[in-house]
Amino acid sequence: MHVGIDLGSRTVKAVLWQDGAIVRHLVAASGLEPHRQALAFLAEHPSAPGVATGYGRHLLQQHAELGVITEIKAHALGARQRFPHCRTILDVGGQDSKVIRLDRDGRVASFQMNDKCAAGTGRFLEMMSVSMGYGLEEFCRVAGATDQGAPINSMCAVFAESEVVSLKHHGTPPDVIARSVHLAVVGRLAAMVAKEGFGDHLVFSGGVANNATLVSLLERELGVPVLVPPVPSIVGALGAALHAAAR
Amino acid sequence: MSEQSFQVKSDPALWEKLGMDVARFSGMPAMLTQAYRTIFLSQKNRPAAMAYFDGMVENIHTGRIDELMAVKEKGKPVVGTFCVYVPEELIVAAGGACVGLCGGAQGSIADAEKVLPRNICPMVKSAFGFKVGKICPYFQAVDLVYGETTCDAKKKTWELLDRYVPTHVMEIPQMKRERDKRLWLEEVQDFKVAVDRIAGTETGFDEVADAIRTVNAKRAALQRLNSLRHRSPSPISGRDMLLIQQIAFYDEPVRFAGKVNELCDELEKRVKDGVGVVPASTPRILVSGTPMALPNWKLHNIIETSGAVVVNEESCIGTRYYKDLIDEGATTVDQQLERLTERYMKIDCSCFTPNDDRIDQVLKEYRDSGAQGIIDYCLQFCHTYNIEAVKLREACEKHGISFMAIESDYSPDDVGQLKTRVEAFIEQITG
């Protein structure tokens, strides 16, 4: 039995790995003291060795006997477990987006992360949905239900918001604006993926992969299947658990 | 030196005399003390000869300034520069002091942004801010600043800086053809005239020959140090090496070379005894790219607190400053200036086109230093290094070298993200 914890910027994820399968998992909002939730999960499995990843990995290490790996390695391990032949992984979380290229044996060959801003991250989508007055799920649904889009040029969350305001004031329907925001994010992510290179399919992990509209737009943009695991947010935590098991 | 006894010194009376904003500056020594203790003095097993360089940091705003003021009182030139292309030999020949001016701190950027646009190089903004905010004793002490035309942000900032301190500009061509060399040589000749004018005497063959020997000796000492540092296990940390290379720009050259050689003697013994600052198994990183001016220790600190060691800086504050020496065989002043120009033309800044020599140089240093990966460091808005990273990445891919490009500034807000990237890069090279 092994535990993997992914202490992300917006959510805490935990996975309990036993006999080659996920027997339990947790996804919860980070809140003010994200490590407390992780510690509670660990306390329930006191004998299971654990590994932490995510932004809070070093914080957690101060509170518990754990190994640490980066999100890059964790997502590489987790994605390979779900899709044994994958070579390119796109992970989009609350605060950053990354593209990871693996060699044939699953080792990280190269990776890219977004610059220090919210562009192309879950936080960007969240902010845009709030400014439109939508909940996240509804935001995704209405964007998927139309086929019209208007260009949004800025990828800065602050400037994009003013573009959204200006579209609103020009009478652009809300569903079209929602789709436009999705298209802008897809454009950004596809450029990152293309820069790193991809083969005949792409694995998409992280909380943002729950957004079905984004997934289908990305698939159309890249022209290859985009594979999403059943619970995409826990891929990092799964990778951490696998690393614990391999140690 | 122990963490507790280290203290960056203060001298408000001196700062007052220099026309500084004393009230504002008086908080600086305590901040620097704190940062230095955390980043440098917490390291284990530092070479004993680092004590001299710790002392240089303690005296950075006091003792060394007193020395520069003494040079000035003798009527000798004190010249501030921003680039390894400005020939310090000619300042030394005139009995003066050359000071590489500071531009590595976030603290002065807000001052600069009152005048300059925000979206330009942080080094240029930081330096300009130090002057307009009157918070750099070196800037206050110099007779004049000698700028150059190596990038657009600098070139245009000099026009504004001239309002606060006399700023001369040396034109550095952007190609290395014969006609560019002719222009360059004329610029060097003009520079000599400008420096001699402050001293009030024309320096002759002997003074220039002495100065060339002096600065060659300083560069040779740094070469010796860097090649010792390439050994495994690393006998000295990347942070300490970066610091020494930064101090090279404001210390007195003869004393500095002597102290570097003393350190080399100690490191030679370490190498012989197999003593390192980190175990031989520690992942070894070469840093290439844009300069890290004092007190920019951000990337080195991230790398070395993530379990790796920096084994080489392919940078202006690094090998670009000392990899080439001036041929000492000239028999006339004209020849001296020509040999000097030839040496400076070998510096492979990305502002030149083409600049493929630099790619070869990075690969050479990668092999020499026994590095296992390259992190290319690019200051934000440094277009030439940023674009040249494309070619560097291609060369690394061709040679199977792990490579990662980082673009950053002085603000602390991307430290978490950088730490993740650096740790992932270390995971990548260790498998």
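Here are five short exercises with worked solutions on this predicted model.

**Exercise 1. Overall form of chain B**

Task: work out which radius of gyration a compact globule of 431 residues would have, and how chain B compares.

Solution:
- Step 1. Start with the expectation: a compact globule of 431 residues would have a radius of gyration near 22 Å.
- Step 2. Set chain B beside that: its value is 21 Å, which agrees.
- Step 3. Add the dimensions. Along the principal axes, the C-alpha atoms of chain B fill a box of roughly 60 × 50 × 45 Å.
- Step 4. Look inside. In chain B, 51% of the residues count as buried, and the secondary structure amounts to 20 helices and 8 strands.
- Step 5. Finish with the contacts. Taking those in chain B between residues at least 6 apart in sequence, 75% join residues at least 24 apart.

**Exercise 2. The five-stranded sheet of chain A**

Task: find the strand order of the open sheet of 5 strands in chain A, and say which strands stand at its edges.

Solution:
- Step 1. Read across the sheet: the order is E3-E2-E1-E4-E5 (chain A), and the pairing is mixed.
- Step 2. Check the ends. Strand E3 (21-29) and strand E5 (66-68) of chain A each have a single partner strand, so one side of each lacks a neighbour in the sheet.
- Step 3. Zoom in on one pair. Strand E1 (residues 2-7) and strand E4 (residues 50-53) of chain A run parallel and are joined by 4 bridges; A:Gly4 has A:Val51 as its bridge partner in E4(A).
- Step 4. Place the helices. Helix H1 (residues 34-43) of chain A lies across E1, E2, E3 and E4 of chain A, at about 170° to E1(A). Helix H9 (residues 235-246) of chain A lies across E1, E2, E3, E4 and E5 of chain A, at about 140° to E1(A).

**Exercise 3. The four-stranded sheet of chain B**

Task: describe how the 4 strands of the open sheet in chain B are ordered and paired.

Solution:
- Step 1. The order is E2-E1-E3-E4 (chain B), with parallel pairing.
- Step 2. At the edges are strand E2 (97-100) and strand E4 (167-170) of chain B, each pairing on one side only.
- Step 3. On average, neighbouring strands of this sheet are turned by 30° against each other, direction ignored.
- Step 4. Strand E3 (residues 144-148) of chain B pairs with E4(B) over 4 bridges in the parallel sense, and B:Val145 has B:Thr167 as its bridge partner in E4(B).
- Step 5. Helix H10 (residues 152-161) of chain B lies across E3 and E4 of chain B, at about 155° to E3(B).

**Exercise 4. Two helices that cross**

Task: give the packing angle of helix H11 (residues 178-199) and helix H17 (residues 333-345) of chain B, and the residue classes in their contact.

Solution:
- Step 1. The angle is about 115°, and the axes are 10 Å apart.
- Step 2. H11(B) passes H17(B) in a right-handed crossing.
- Step 3. Residues making the contact include B:Trp184 and B:Leu185 of H11(B) and B:Leu337 and B:Met345 of H17(B).
- Step 4. By class, the contact has 6 nonpolar, 2 polar and 3 charged residues.

**Exercise 5. A glycine in a loop**

Task: decide whether B:Gly400 counts as buried or exposed.

Solution:
- Step 1. Locate B:Gly400: the loop between helix H19 (383-399) and strand E8 (402-408) of chain B.
- Step 2. Count neighbours: B:Gly400 has 6 C-beta neighbours inside 10 Å.
- Step 3. Apply the cut-off: a residue is exposed at 12 or fewer, so B:Gly400 counts as exposed.

Terms used
Residues numbered from 1 in each chain as written. Chains lettered and ligands numbered in written order. Predicted model: local features only at pLDDT ≥ 70, side-chain atom pairs only at ≥ 80, totals over all residues. Axes fitted to C-alpha atoms, helices over the stretch in contact; angles between N-to-C directions. Helix = DSSP H or I, 4+ residues; strand = E, 2+ residues; numbered from the N terminus. Left-handed = near helix turned anticlockwise from the far one by under 90°. Contact = placed C-beta atoms within 7 Å. Nonpolar A, V, L, I, M, F, W, Y, C, P; charged D, E, K, R; others polar. Rg over C-alpha atoms; globule rule 2.2 N^0.38 Å. Buried ≥ 20, exposed ≤ 12 C-beta atoms within 10 Å, placed from the backbone. Pairing = 2+ DSSP bridges.
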